[in-house]
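Reader: I am new to reading protein models, and I would like to learn how the descriptive words are earned. Could we look at one together?

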Amino acid sequence: MGSTVLSDLATEIVVPVCAVIGIVFSLIQWFLVSRIKVSPDRHSSSSNNGKGAGYGDYLIEEEEGLNDHNVVVKCAEIQNAISEGATSFLFTEYQYVGVFMVAFAILIFLFLGSVKGFSTKSQACTYNPQEMCKPALATAIFSTVSFTLGAVTSVVSGFLGMKIATYANARTTLEARKGVGKAFIVAFRSGAVMGFMLAANGLLVLYIAINLFKLYYGDDWEGLFEAITGYGLGGSSMALFGRVGGGIYTKAADVGADLVGKVERNIPEDDPRNPAVIADNVGDNVGDIAGMGSDLFGSYAESSCAALVVASISSFGINHDFTAMCYPLLVSSMGILVCLITTLFATDFFEIKAVKEIEPALKKQLIISTVLMTVGVAIVSWIALPSSFTIFNFGSQKVVKNWQLFLCVGVGLWAGLIIGFVTEYYTSNAYSPVQDVADSCRTGAATNVIFGLALGYKSVIIPIFAIAVSIFVSFSFAAMYGIAVAALGMLSTIATGLAIDAYGPISDNAGGIAEMAGMSHRIRERTDALDAAGNTTAAIGKGFAIGSAALVSLALFGAFVSRASISTVDVLTPKVFIGLLVGAMLPYWFSAMTMKSVGSAALKMVEEVRRQFNTIPGLMEGLAKPDYATCVKISTDASIKEMIPPGALVMLTPLIVGTFFGVETLSGVLAGSLVSGVQIAISASNTGGAWDNAKKYIEAGASEHARTLGPKGSDPHKAAVIGDTIGDPLKDTSGPSLNILIKLMAVESLVFAPFFATHGGLLFKIF
């Protein structure tokens with residue numbers, strides 16, 4: 001089989017060192033952002049003399065209101081309001097989620113402990129019955145511990161991301177006074193803080209957990225990595241509540257603010273007279289940032305866990321080859337280093353001077369990171385894998401060469417880039433699909449909706465082919481392990497992906513703050529340009545998340561089928577077929593719940609905003625202040641109450657199906673939900689993104705065609721706003737939450753597989 005170039009000792013040093021480099025880099029970026037002051041600088045002359053040209057800059061920028069203390073004070077006030085709103089919402093959410101976490105941890109322990117009746121005696125290994133493995137009770141205890149670890153890491157990732165975003169939004173607004181390039185760097189750096197923090201934390205916690213569990217498990221790697229799967233389950237279950245809760249919060253506020261403010265009262269977006277405006281800006285942080293952070297962390301944890309489980313029963317695990325076993329972690333370590341170099345291209349090597357350079361700069365990030373990562377993966381595959389080894393393939397061992405595994409990761413990596421660019425083509429207003437949607441607004445909202453839906457359905461075609469090709473290639477080379485590492489390949493540049501993704505909501509908030517602080521039109525134009533680019537990149541980020549979710553889910557499905565000792569999943573048996581039908585229905589049920597939640601919360605919000613406009617004297621004239629707090633409370637209460645039913649649906653389905661109908665029906669449910677969930681998720685995200693950018697296309701009026709549709713307040717513009725409002729829950733609540741549904745059900749089934757295989761299928765046993 002041959003040995004690896006990289007020694008076990010070197011692996012034990014390399015993985016944590018790369019994680020620490022990631023954390024240090026994110027702290028440096030944070031320090032650079034923190035140097036921009038949000039308190040008014042009373043002694044501008046004395047503090048700037050040291051910098052030579054600093055004072056001169058002040059004189060040049062006088063007309064932009066750089067020395068206007070009132071503007072800075074206002075920005076600081078608005079930033080505090082947004083930060084407090086986001087923090088208090090997340091604390092409330094985490095209290096509810098914490099209760100759930102404890103309850104579910106107890107469930108894991110009881111279900112897995114009861115497999116062998118809580119016995120403490122060693123048992124024969126599942127895949128190698130000649131050997132003795134640690135007792136089932138140990139798996140129960142350690143799975144519970146790793147579940148808790150994953151959950152806590154996921155929550156911390158989301159919370160840190162939100163803190164950084166609310167810290168950076170006003171700083172981006174203030175830097176926009178000096179030009180679009182300066183503002184871009186602040187927003188992007190802040191995104192990078194979140195990206196690197198999350199990638200490095202996820203890797204470090206997983207690595208430490210594996211080493212601590214090894215102290216007990218010793219040579220029983222099969223048991224060790226089975227227990228580690230709880231880490232992925234913890235990460236994704238928290239992400240589900242973060243995504244759904246945050247998504248309902250942000251969209252209730254957004255829909256309420258848009259419908260009354262823009263359509264009925266004809267006031268601009270983010271106007272301080274609008275009572276829902278603070279809730280809307282808080283929502284960007286709790287939904288798009290905290291939710292997205294937890295979501296991608298979940299994908300990352302699960303793809304690592306899926307790869308490790310399959311590897312532990314392949315030659316890597318059987319021969320106790322630690323370096324080859326850690327191949328998924330080494331790929332992620334390389335990813336952190338590659339993304340570090342890529343980030344410097346955006347912040348230090350090139351400077352953005354004009355608005356039209358923003359989107360290309362963000363696209364370059366994706367291309368540079370993918371090209372560099374391809375080289376990085378080749379190096380890792382060469383030094384960390386033996387030249388030939390065997391991979392577990394549904395009961396047999398398949399011989400695989402190291403170059404084949406490199407191709408598996410590479411295929412995932414490039415499929416991610418393709419999905420990203422197709423998403424961009426369908427959601428950016430620089431291309432014809434969105435321009436066609438904008439054009440359809442001439443004849444009203446109905447045609448806009450028809451065109452938008454058609455665009456979403458059409459945008460599914462190429463991503464599905466990309467996912468299909470990567471599945472076929474990676475499975476042909478390395479069975480289920482190939483699919484797991486392909487998913488890891490797609491997520492290996494997660495730090496850059498998240499930086500680009502978090503950049504969007506930060507610049508969105510910056511624009512809101514500029515409008516509320518009453519800054520000049522030119523500054524608002526700059527922040528709008530940053531925001532429009534951010535909208536497209538957010539859609540690209542969602543494309544990555546959905547594509548990787550499909551691969552991760554399939555890899556977990558394979559691990560589940562192996563663990564539950566199912567030799568084949570036969571679609572023609574009625575047990576499996578009914579599972580397929582029910583599974584394919586679940587994403588629709590889930591989407592119905594989340595959409596309705598947004599609708600009913602938005603209804604309350606619209607009524608409250610109307611009430612304030614009608615009853616507070618002098619509000620429209622700008623003489624009285626609206627009551628922001630009531631709107632924030634409506635969003636908070638609605639999202640906390642409404643996130644529980646969809647969450648329960650996803651978490652309880654595998655438990656109920658596995659316990660009462662058995663593993664075969666459950667395998668049908670998982671396959672069905674994967675197949676239908678991916679399609680709905682892609683089309684929902686892209687439809688919503690296209691409607692949003694069609695509205696921005698008309699508002700910006702950058703081309704001759706756009707000017708014939710505008711200006712703001714025209715009939716086509718109002719039709720576009722209605723489309724955007726319908727698309728809000730699609731692109732920010734239902735769409736992104738669906739990828740968590742797909743992954744979460746699969747990872748949960750894998751964690752509970754020993755219980756289902758032993759005690760599952762009660763109904764069929766009775767009859």
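Reader: Is the crossing of α6 and α7 left-handed or right-handed?

Author: Keep in mind that this is a predicted model. In it, α6 passes α7 in a right-handed crossing. The axes of helix α6, residues 180-217, and helix α7, residues 221-264, come within 10 Å and cross at roughly 145°.

Reader: Which residues make the contact between α6 and α7?

Author: On the α6 side they include N201, V205, L206, I210 and F213. On the α7 side W221, L224, F225 and Y231 are among them. By class, the contact has twelve nonpolar, three polar and one charged residues.

Reader: Why is D258 called buried?

Author: Buried means under 20% relative accessible area. D258 has a relative accessible area of 3%, so the word applies. This residue sits in helix α7. Leaving aside neighbours within four places in sequence, D258 is in contact with V263, E269, D724, T725 and D728.

Reader: What makes P275 count as buried?

Author: The cut-off is again under 20%, and P275 has 0% relative accessibility, so P275 counts as buried. You will find P275 in the loop between α7 and α8. Not counting residues up to four places away in sequence, P275 touches V609, Q612, F613, P626, D627, Y628 and C631.

Reader: How far from P275 is S520, going by their C-alpha atoms?

Author: Those C-alpha atoms are separated by 22 Å, and the two residues are 245 residues apart along the chain.

Reader: How do you know whether A514 is buried or exposed?

Author: We use the numbers once more: A514 has 1% relative accessibility, and buried means under 20%, so A514 counts as buried. A514 belongs to helix α17, residues 494-516. The C-alpha atoms of A514 and A170 are separated by 8.3 Å, with their places 344 residues apart along the chain. Setting aside residues up to four places away in sequence, A514 touches T173, M519 and I523.

Reader: Why is H320 called partly exposed?

Author: Partly exposed lies between the two cut-offs, under 20% for buried and over 50% for exposed. H320 has 30% relative accessibility, so H320 counts as partly exposed. Its place is the loop between α9, residues 315-318, and α10, residues 322-325.

Reader: What is the phi of H320, and what is the phi of N266?

Author: Phi of H320 is near 55°, a positive value in a residue other than glycine. Phi of N266 is near 60°, also a positive value in a residue other than glycine. N266 lies in the loop between α7 and α8.

Reader: Now for the whole chain. How many helices and strands does the protein chain have?

Author: The secondary structure comes to 24 helices and four strands.

Reader: What makes the protein chain as compact as a globular protein of that length?

Author: The radius of gyration is 26 Å, close to the 27 Å that the globule rule gives for 767 residues, so the description fits. Along its principal axes, the C-alpha trace spans about 80 × 60 × 45 Å.

Reader: What share of the residues is buried, and what does the chain expose?

Author: Buried residues make up 64% of the 767 residues. The chain exposes about 26500 Å², and carbon and sulfur atoms supply 67% of that area.

Reader: How many of the contacts join residues at least 24 apart?

Author: Among contacts between residues at least 6 apart in sequence, 85% join residues at least 24 apart.

Key
Residues numbered from 1 in each chain as written. Predicted model: local features only at pLDDT ≥ 70, side-chain atom pairs only at ≥ 80, totals over all residues. Heavy atoms only, no water. Axes fitted to C-alpha atoms, helices over the stretch in contact; angles between N-to-C directions. Helix = DSSP H or I, 4+ residues; strand = E, 2+ residues; numbered from the N terminus. Left-handed = near helix turned anticlockwise from the far one by under 90°. Contact = heavy atoms within 4.5 Å. Nonpolar A, V, L, I, M, F, W, Y, C, P; charged D, E, K, R; others polar. Rg over C-alpha atoms; globule rule 2.2 N^0.38 Å. Buried < 20%, exposed > 50% of the residue type's maximum accessible area, 1.4 Å probe, protein only. Areas by Shrake-Rupley, 256 points an atom, 1.4 Å probe, with all protein chains shown as cover.
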